[in-house]
Every structure is written in structure tokens, then in C-alpha cells.
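Here's a quick walk through one fold, starting with its sheet and ending with its cores. Have the viewer open as you read.

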Amino acid sequence: MRSIISATVLLSALTLQSALAGESVGTRDVTIHSPARAKDLAVTVWYPSDGKGETVKVGENRIFEGAAAFRNAGIQPTRRPLVLLSHGSGSRGIGMAWIATELAKAGFFVAAPDHPGTTSGDSNPQDTPKI
């Protein structure tokens, strides 16, 4: 049921943002310090941009094609709704590039944090249940 509601909200939001479709997508990696965990949180963000920056394929690897964006492009100076993406256990924020890029094209600001202890390359069995 939660999946159906989430999908309905997402599709409705994309429909409302259709007038902004096709915007250039910027991406950048940011680090946010977490005093509660005494460590940094890596977050990848995607956003409607000025289209200026290095062209990259975010999330590209031997299995996935990746999604085109402009690394460190300027952010359009207007208010945008925020979508927070969770990659789930054993993946990474950039693994959500396929949907994050489309959301940014539709006018959304998207943030995808890597979950400490349960992200690909930074996971262990003790932390996985804590997600």
C-alpha cells in the first residue's frame, strides 16, 4: 500500500512539474557533518541548472549506463520542491541517478545520501539492520 501511495504522489508531482520538463541537470557531491554520529554523510544532489559544467555520466559502471548531468553546474535561483531519495541497503546514492536526473529535469531538487554502514563499499552485517 505504501508503494502505491508513494508512486501516486511521485507521478502527480511529475505531472504538476511538466511545464518545467527538459531543464538542464546539474549534480554535485556534498558532505554534511553529523555530530550525533561523529562522521560525515556523503550526499549526491541533482538540480535544475544553468547547463554549465563538466558533462558526466552519474552512476555509470559496468552494469548501468549512467545518467548525463553537468557536474558542479550553477543552480537556478528559484525555489524548488525537494525529493529525498533513499537507495536502500547495499547500494549508493548515485545508483538512483536514473530517477534523480529525471526528477531534476522536471524541476525538482533531489538529494540522495549514502547510508553510513549500509552503503556499497561501506557496509557490515551489524549496521545493516539499523537502516
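How many bridges join β5 to strand β6, and do they run parallel or antiparallel? Three bridges link β5 to β6 (residues 109-113), and the two run parallel. Within that pair, Val83 sits opposite Val110 in β6.

A word on provenance: this is a predicted model, where local features need pLDDT of at least 70, side-chain atom pairs count only at pLDDT 80 or more, and totals for chains, interfaces and linings use all residues. Residues are numbered from 1 along each chain as its sequence is written, and side-chain values use heavy atoms, with hydrogens and water left out.

The whole sheet is open, with six strands in the order β3-β4-β1-β2-β6-β5 and mixed pairing (strands are DSSP E runs of at least two residues, helices H or I runs of at least four, numbered from the N terminus; a pair needs at least two DSSP bridges). β3 and β5 are at the edges with a single partner strand each, so one side of each has no neighbour in the sheet.

| Edge strand | Residues |
|---|---|
| β3 | 54-58 |
| β5 | 82-84 |

Now the inside. The largest nonpolar core (buried Ala, Val, Leu, Ile, Met, Phe, Trp, Tyr and Cys joined through side-chain atoms within 4.5 Å; buried is under 20% relative accessible area, 1.4 Å probe, protein chains only) has 18 residues. Trp46, Leu85 and Phe108 are among those with the most contacts inside it. β3, β4, α2 and β6 each supply at least two of its residues, and α2 gives the largest share, five. Apart from it lies another core of five residues, including Val43 and Ala73.

Technical notes:
Buried < 20%, exposed > 50% of the residue type's maximum accessible area, 1.4 Å probe, protein only.
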